[in-house]
Amino acid sequence: MAFGINEFKSRLTYGGARPTLFQVQLSNPVAPLSNIKVPFMIKSASLPASTIGQIGNVYWMGRQIKYGGDRQFEDWTVTVINDEDFQIRNGIEAWSNQINTHVSNMRALPQNYKSDARIVQYGKDGRLLRAYKFQGLFPVQISDIPVAWEQQDTVEEFTVTFAYDV
């Protein structure tokens, strides 16, 4: 039956994956002490997106033929809870400064600033459902942290956007 709820329930065997059961592990090559707090302070992230490009259209006798091209990876953004020690923010800023310094415009070699990260999705029973590893990862944007006298009953947070190779 097309509209039978029992058919739907029989297909959702495990009750659906929960978006709250995840953890991020990050290796900051410049400030490794901040890595300890990362699994607890990254409050949101996403499982990675990827896109297969299309090779330019090939035509044959008036018909368009499409072929798959190269895989491209979207930038990856995480949201971080800021603690009063600013440990993660300081670490990310130091990492960013290693890539390109504020004053002298000096740059580190890629092997000195590219790193790895991992996001793990867990099941309701605690078992690992899926893990994604990001290789060649580095921060490309650190968001602002809004402060205002009107903000009450909240904790600061900020986002970090990373580029990665695969």
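The following dialogue explains how terms are applied to this predicted model.

Modeller: Residues are numbered from 1 along each chain as its sequence is written, and side-chain values use heavy atoms, with hydrogens and water left out. As this is a predicted model, local features need pLDDT of at least 70 and side-chain atom pairs count only at pLDDT 80 or more, while totals for chains, interfaces and linings use all residues.

Biologist: What makes β1 and β6 paired strands?

Modeller: Strands (E, at least two residues) and helices (H or I, at least four) are DSSP runs, numbered from the N terminus. Two strands pair if DSSP finds at least two bridges between them. Five bridges join β1 to β6 (residues 115–122), so the definition is met. The two strands run antiparallel, and F22 stands opposite Q121 in β6.

Biologist: Why are β1 and β2 called edge strands?

Modeller: The open sheet has six strands in the order β1-β6-β7-β8-β5-β2, with antiparallel pairing. The strands β1 (22–26) and β2 (42–44) each pair on one side only. Neighbouring strands of this sheet are turned by 45 degrees against each other on average, direction ignored; axes are lines fitted to C-alpha atoms, for helices over the stretch in contact, and angles run from 0 to 180 degrees between N-to-C directions.

Biologist: Which strands does helix α3 lie across?

Modeller: Helix α3 (residues 87–99) lies across β1, β5 (76–81), β6, β7 (128–142) and β8 (157–163). The helix runs at about 60 degrees to β7.

Biologist: How do you know that β3 and β4 pair?

Modeller: Strand β3 (residues 50–60) and strand β4 (residues 63–73) are joined in the antiparallel sense by eight bridges, and at least two are required. One of the bridge partners is Q64 in β4, which stands against Y59. The two strands form a hairpin with two residues between them.

Biologist: What makes the phi of M61 worth a remark?

Modeller: Most residues other than glycine have a negative phi. M61 is not a glycine, yet has a positive phi of about 50 degrees. N105, in the loop between α3 and α4 (110–113), also is not a glycine and has a positive phi of about 60 degrees.

Biologist: Why is M61 called exposed?

Modeller: Exposed means over 50% relative accessible area, buried means under 20%, and partly exposed lies in between (1.4 Å probe, protein chains only). M61 has 68% relative accessibility, so M61 counts as exposed.

Biologist: Why is the pair of W76 and F162 called tilted?

Modeller: Rings of Phe, Tyr and Trp (its six-membered ring) pair if their centres lie within 6.5 Å; planes under 30 degrees apart count as stacked, over 60 as edge-to-face and the rest as tilted. For W76 and F162 the centres are 6.0 Å apart and the planes stand at 35 degrees, so the pair is tilted. W76 lies in strand β5 and F162 in strand β8, 86 residues apart, and both are buried.

Biologist: What makes F134 and Y164 an edge-to-face pair?

Modeller: Their ring centres are 4.8 Å apart and their planes are at 85 degrees, so the pair is edge-to-face. F134 is in strand β7 and Y164 in the segment after β8, so the pair ties together parts that are 30 residues apart in sequence. Both F134 and Y164 are buried. Ring pairs link these two with F73, W76, W95 and F162 into a cluster.

Biologist: How do you know that R89 lies over the face of F158?

Modeller: A charge sits over a ring if NZ of Lys or CZ of Arg is within 6 Å of the ring centre and within 35 degrees of the ring normal. R89 lies over the face of F158 at 4.9 Å from the ring centre, and R127 lies over the face of Y14 at 5.6 Å.

Biologist: Why does S34 count as buried?

Modeller: S34 has 4% relative accessibility and therefore counts as buried. S34 lies in the loop between β1 and α2 (38–41). The side chain of S34 reaches the backbone oxygen of A31 at 2.8 Å.

Biologist: What does T79 touch?

Modeller: Contact means heavy atoms within 4.5 Å. Leaving aside neighbours within four places in sequence, T79 in strand β5 is in contact with residues including M41, I42 and F158. At 14% relative accessibility, T79 counts as buried.

Conventions:
A polar contact is a pair of N or O atoms within 3.5 Å; within protein, one must be able to donate a hydrogen and the other to accept it, and residues adjacent in sequence count only if both atoms are side-chain atoms.
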